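Here is a walk through one model, written for someone who likes to check geometry by eye. Have the viewer open and follow along.

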Amino acid sequence: MKQIDWQKIWEKAKVYVLNKYILTVFIFAVIIGFVGEQSIRVRIKKARQIHELEEKKARYCEGIEDAHRTIQMLQSTDSLERYAREKYLMHTDEEDVFLIEE
């Protein structure tokens, strides 16, 4: 197995690594990527939060629409009585309620 000569590699890479322009660009990229309020890491985290909040918003909007439909349905007395019987198991005195669990 051939042994790697790190000293020769360093001599060739030293020209690029110690170049002030390349070093400046590298430091700038690190700062933009990982430091500060507007870094890429923070932006990805906030994008995930926005996505989760939009999903919650959609669920709540569906709930509001269901509530509006229920309110419209309960405007008549017959449907109000039916809703009370189904949801809250209410009954009159002469009726018996049987619960069937599946």
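## Helix α4 and what follows

In this predicted model, helix α4 covers residues 77–88, which makes 12 residues. From its first C-alpha to its last it reaches 16 Å, close to the 16 Å expected at 1.5 Å a residue. Just after α4 comes leucine 89, with a positive phi of about 55°.

## The aromatic pair

How many aromatic pairs does a search of the whole structure find? It finds one. The partners are tyrosine 83 and tyrosine 88, set edge-to-face, with 6.3 Å centre to centre and 75° between the planes. The 75° counts as edge-to-face because the cut-off for that class is over 60 degrees.

The two rings' residues fall into separate exposure classes. Tyrosine 83 has 22% relative accessibility and counts as partly exposed. Tyrosine 88, at 57%, counts as exposed. The bounds that matter here are 20% and 50%: under 20% is buried and over 50% is exposed, so tyrosine 83 at 22% lands in the partly exposed class.

## Salt bridges

Side chains of opposite charge can pair when their charged atoms come close. This structure holds three salt bridges. One of them joins glutamate 37 to lysine 46, at 3.3 Å from N to O. Glutamate 37 counts as exposed, at 54% relative accessibility, while lysine 46 is partly exposed with a relative accessible area of 36%.

Helix α3, residues 40–73, is where to look next. Glutamate 65 and arginine 69 both sit in it, four residues apart, or about one turn of the helix, and their side chains meet in a salt bridge at 3.8 Å, N to O. Aspartate 66 and arginine 69 are three residues apart in α3, again about one turn, and their bridge has an N to O distance of 2.6 Å. Put together, Glu65, Asp66 and Arg69 are linked in a network of salt bridges. As for the acidic partners, glutamate 65 is partly exposed with a relative accessible area of 44%, and aspartate 66 is partly exposed at 38%.

## Serine 39 in its loop

Where is serine 39 found? It's in the loop between α2 (20–34) and α3. Is serine 39 buried or exposed? Its relative accessible area is 0%, so serine 39 is buried.

What does serine 39 touch, once residues up to four places away in sequence are left out? The contacts are Ile32, Gly33 and Phe34. Since α2 runs over 20–34, you can pick out these three contacts by scrolling to the end of that stretch.

## The whole chain

Zooming out, the protein chain has four helices and zero strands, and from the N terminus on its elements run α-α-α-α. The radius of gyration is 34 Å, well over the 13 Å that the globule rule gives for 102 residues, so the chain is more spread out than a compact globule. Along the principal axes, the C-alpha atoms fill a box of roughly 100 × 40 × 15 Å.

What about burial and surface? Of the 102 residues in the protein chain, 5% count as buried. The accessible surface of the chain comes to about 10400 Å². Carbon and sulfur atoms account for 61% of that surface.

How values were computed: Residues numbered from 1 in each chain as written. Predicted model: local features only at pLDDT ≥ 70, side-chain atom pairs only at ≥ 80, totals over all residues. Heavy atoms only, no water. Phe/Tyr/Trp six-rings, centres within 6.5 Å; stacked < 30°, edge-to-face > 60°. Buried < 20%, exposed > 50% of the residue type's maximum accessible area, 1.4 Å probe, protein only. Helix = DSSP H or I, 4+ residues; strand = E, 2+ residues; numbered from the N terminus. Expected span 1.5 Å × (residues − 1). Salt bridge = Lys/Arg side-chain N within 4 Å of Asp/Glu carboxyl O. Rg over C-alpha atoms; globule rule 2.2 N^0.38 Å. Areas by Shrake-Rupley, 256 points an atom, 1.4 Å probe, with all protein chains shown as cover. Contact = heavy atoms within 4.5 Å.
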